[in-house]
Amino acid sequence: MHSAPAAAAPRPTAAPATRPVALWLFLCAAMVFAAAVIGAITRLTESGLSIVEWAPITGTLPPLSDQAWADAFAAYKATPQYRYMNAGMSLEAFQSIYFWEWLHRFWDRLTGLVFAAGLVWFALRREVDWTLGSRLFGLLVLGGAQGVLGWMMVASGLNERPSVSHYLLAAHLGLAVLLYALILWAAYGLTLRRLGDFARAPSLRRHASIAIGCVAVTMCWGAFVAGLDAGQVYNTFPLMDGRLLPPPESFSIVPAWLNWFDNTALVQFTHRWLAIGTSLVVLALAVRCSRTPVVGWGHLVGLMVVVQVGLGISTLLTQVPVGLGAMHQAGALLLLALLLALRFVTRPVSESRLR
């Protein structure tokens with residue numbers, strides 16, 4: 001007599017107590033995502049130097065009277081950016097760029113408040129254990145450091161130069177991306193079901209890690225491109241105004257290695273080919289996932305990298321309009337989120353969860 005087949009094991013889901021924590025973490029990650037996109041718009045509209053002081057508390061509200069607007073405008077007129085780039089700007093034009101910088105700072109403050117309040121709330125309710133709680137507290141400290149770094153970036157453009165340091169811009173974006181990734185990883189630890197045991201295929205996990213690293217490096221050079229306005233030149237693809245390589249003057253800075261970071265043409269060249277190389281790495285990963293239990297994640301990262309390359313080329317060919325530039329930033333963050341999810345679900349059984 002045949003025994004009845006065993007009932008299929010239920011698919012593991014997040015415990016009820018963890019669902020609110022996971023939702024809060026995803027909300028915080030989404031807010032960091034929005035902050036990075038708003039930051040991109042702030043840079044693309046050259047609004048970042050419109051507020052010349054760092055007032056974490058009193059700066060929460062924008063000017064609310066004609067005199068307050070006049071004072072803010074007078075402070076901006078003393079900056080190098082106004083003197084060299086925007087002399088004669090009207091008050092209405094100033095209010096437009098002020099809005100983006102104010103919104104960027106306000107959203108960052110709100111994101112920090114939501115994260116801090118949620119951490120305190122769930123800690124008091126004992127819905128996060130000590131390990132996860134201590135790691136999240138570390139992220140809160142990093143968030144505070146991000147605010148300080150943002151002001152250092154703005155201050156770099158308030159002295160002799162009319163724009164912010166592209167190195168500090170890259171550091172500011174890099175820290176935001178790190179916070180975004182770590183918050184997402186914690187949220188994935190509470191929600192994502194392991195879709196397969198890849199303990200016998202460590203090369204797939206390494207491939208996913210390499211892809212994540214490639215995206216991070218490409219985003220860093222994208223920040224250099226933004227900081228140097230390098231997207232405004234050589235607006236052809238795949239050649240650079242008929243050349244495969246930048247012109248000889250692209251190597252004019254001494255020492256020569258600085259050209260990769262400071263020369264407009266070479267920085268753009270590096271970013272465009274880093275992006276192509278990264279796309280090939282990600283597409284190869286997607287193909288390798290096609291015969292595994294994570295084929296769905298592979299399809300998603302493959303599709304997203306194609307969309308992102310299309311956005312990047314379109315942004316370059318059209319001389320970086322604000323809308324496309326912001327979408328290109330958003331695309332990079334979405335691609336990173338998908339790659340992190342893929343890396344998470346291919347962990348071996350022996351790899352402990354981040355909680």
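This section describes aromatic pairing, charges placed over rings and the surroundings of one leucine in a predicted model.

Aromatic pairs in the model number 22. One of them joins Phe73 and Tyr82 in an edge-to-face arrangement, with 6.3 Å between the ring centres and 90 degrees between the planes. Tyr82 also pairs edge-to-face with Tyr76, at 5.8 Å centre to centre and with 75 degrees between the planes. Phe73 has a relative accessibility of 8% and therefore counts as buried, the limit being under 20%. Tyr82 is likewise classed as buried because its relative accessible area is 12%. For Tyr76 the relative accessible area is 0%, so this residue is buried. Phe73, Tyr76 and Tyr82 belong to one aromatic cluster that also includes Trp69, Phe94 and Tyr98.

Basic side chains lie over aromatic rings at two places, described here in turn. Lys77 is positioned over the face of Phe73, 4.5 Å from the ring centre; Phe73 is the ring that pairs with Tyr82. Arg83 lies over the face of Tyr84, at a distance of 5.5 Å from the ring centre.

Leu140 is located in helix α5, which spans residues 130-155. With a relative accessibility of 26%, Leu140 counts as partly exposed, because buried requires a value under 20% and exposed a value over 50%. Beyond its neighbours within four places in sequence, Leu140 contacts Gly112, Phe115, Ala116 and Leu119. The C-alpha atoms of Leu140 and Leu113 are 9.7 Å apart, while the two residues are separated by 27 residues in sequence.

Terms used: Residues numbered from 1 in each chain as written. Predicted model: local features only at pLDDT ≥ 70, side-chain atom pairs only at ≥ 80, totals over all residues. Heavy atoms only, no water. Helix = DSSP H or I, 4+ residues; strand = E, 2+ residues; numbered from the N terminus. Buried < 20%, exposed > 50% of the residue type's maximum accessible area, 1.4 Å probe, protein only. Contact = heavy atoms within 4.5 Å. Phe/Tyr/Trp six-rings, centres within 6.5 Å; stacked < 30°, edge-to-face > 60°. Lys NZ or Arg CZ within 6 Å of the ring centre and 35° of its normal.
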